[in-house]
Amino acid sequence: MIFFGNMMRIDRYDRQILELLQSEGRLSNQELAERIGLSPSPCLRRVKALEEAGYIAGYRALLDARKLGLSLMALIGISMDRHTPERFANFEAEIAAIPEILECLLITGQQSDYQLKVVVGDMDAYHDLLLHRITRIQGVTGVHSSFVLRQVVNKTALPLP
């Protein structure tokens, strides 16, 4: 790692650390150091520096939705009545508070303003989420739902340059 003022430039060791932690986040520092060819102390310093610089945003456990009874995934296109910062901010705040919503993307190039990725137990739960929560948010004028038949690719790891 090389620092330019406040900016950190990642080198091959940092890249290896990021790649390994993305795929195996529970690696101990000892295991990580051995795999990238560094001793534990410099490896730990690098991990801490990557965390502090914001390259590593956090650590999470990935859960199996189906085993938790969440077998229905849908993509929902949302159209808004007005394109104002206040309207969007209100919508985004309300959407962020709904646990079934895994992603909310402000998009362009479609008829929708937002695309949501939601997961629920079944069609009844989806119906309830849509009619009693999402469509009641001020400004929502259109909803287009697509149901996921099968996840073909499901990655969390980012490609590293």
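This is a short talk on how three helices pack and on two pockets in the structure above.

Hi everyone, and thanks for coming. One thing before we start: what you see is a predicted model.

Let's begin with the helices. Two packed helices are described by the angle between their axes and by the distance between those axes. I'll go through the three pairs in that way.

Take α1, residues 12–23, and α2, residues 29–36: their axes come within 10 Å and cross at roughly 130°. An angle of that kind makes α1 oblique to α2. As for handedness, α1 passes α2 in a right-handed crossing. Which side chains and backbones meet there? On the α1 side you can click on Tyr13, Gln16, Ile17, Leu20 and Leu21, and on the α2 side on Leu32, Arg35 and Ile36. By class, the residues of this contact are 6 nonpolar, 1 polar and 1 charged.

Next, please turn the view towards α3, which covers residues 40–52. How does α2 pack against α3? The angle is about 100°, and the axes lie 9 Å apart. That makes α2 roughly perpendicular to α3, because angles from 65 to 115 degrees are counted that way. From α2 the contact takes Asn29, Gln30, Leu32, Ala33 and Ile36, and from α3 it takes Pro40, Cys43, Leu44 and Val47. Here we have 7 nonpolar residues, 2 polar ones and no charged ones.

The remaining pair is α1 with α3, packed at an angle of about 75° with axes 10 Å apart. So α1 is roughly perpendicular to α3. The α1 residues in this contact are Tyr13, Asp14, Ile17, Leu18 and Leu21, and they meet Cys43, Arg46, Val47 and Leu50 of α3. The classes come out as 7 nonpolar, no polar and 2 charged.

If you like following single residues, Tyr13, Ile17 and Leu21 of α1 are worth a look: they take part in the contact with α2 and also in the contact with α3. On α2, Leu32 and Ile36 touch α1 and touch α3 as well.

Now for the pockets. The largest pocket holds about 1700 Å³ of space. How many residues line the largest pocket, and which lie nearest its centre? There are 45 of them, with Leu62, Asn154, Lys155, Thr156 and Ala157 nearest the centre. The elements giving two or more residues to this lining are α1, β3 (72–80), β4 (101–106) and β5 (114–120). Our friend α1 gives the most, with 4 residues. Sorted by class, the lining has 28 nonpolar, 8 polar and 9 charged residues.

The second largest pocket has a volume of about 180 Å³. Lining it are Leu75, Ile76, Gly77, Ile107, Gln110, Gln111, Ser112, Gln115, His144 and Ser146. Two or more of these residues come from each of β3 and β6 (140–147), and β3 has the largest share, 3 residues. What is the class make-up of this lining? It has 3 nonpolar, 7 polar and no charged residues.

To tie the two halves together: α1 packs against α3, crosses α2, and is also the element that gives the most to the lining of the largest pocket. Thanks for listening, and I'm happy to rotate the model for anyone who wants another look.

Definitions and conventions. Residues numbered from 1 in each chain as written. Predicted model: local features only at pLDDT ≥ 70, side-chain atom pairs only at ≥ 80, totals over all residues. Heavy atoms only, no water. Axes fitted to C-alpha atoms, helices over the stretch in contact; angles between N-to-C directions. Parallel < 35°, antiparallel > 145°, perpendicular 65-115°, else oblique. Left-handed = near helix turned anticlockwise from the far one by under 90°. Contact = heavy atoms within 4.5 Å. Nonpolar A, V, L, I, M, F, W, Y, C, P; charged D, E, K, R; others polar. 1 Å grid on protein atoms, 1.4 Å probe; cavity = no way out; pocket = protein on both sides within 12 Å on 5 of 7 lines; lining within 4 Å. Points joined across faces, edges and corners; volume = space filled by probe spheres on them.
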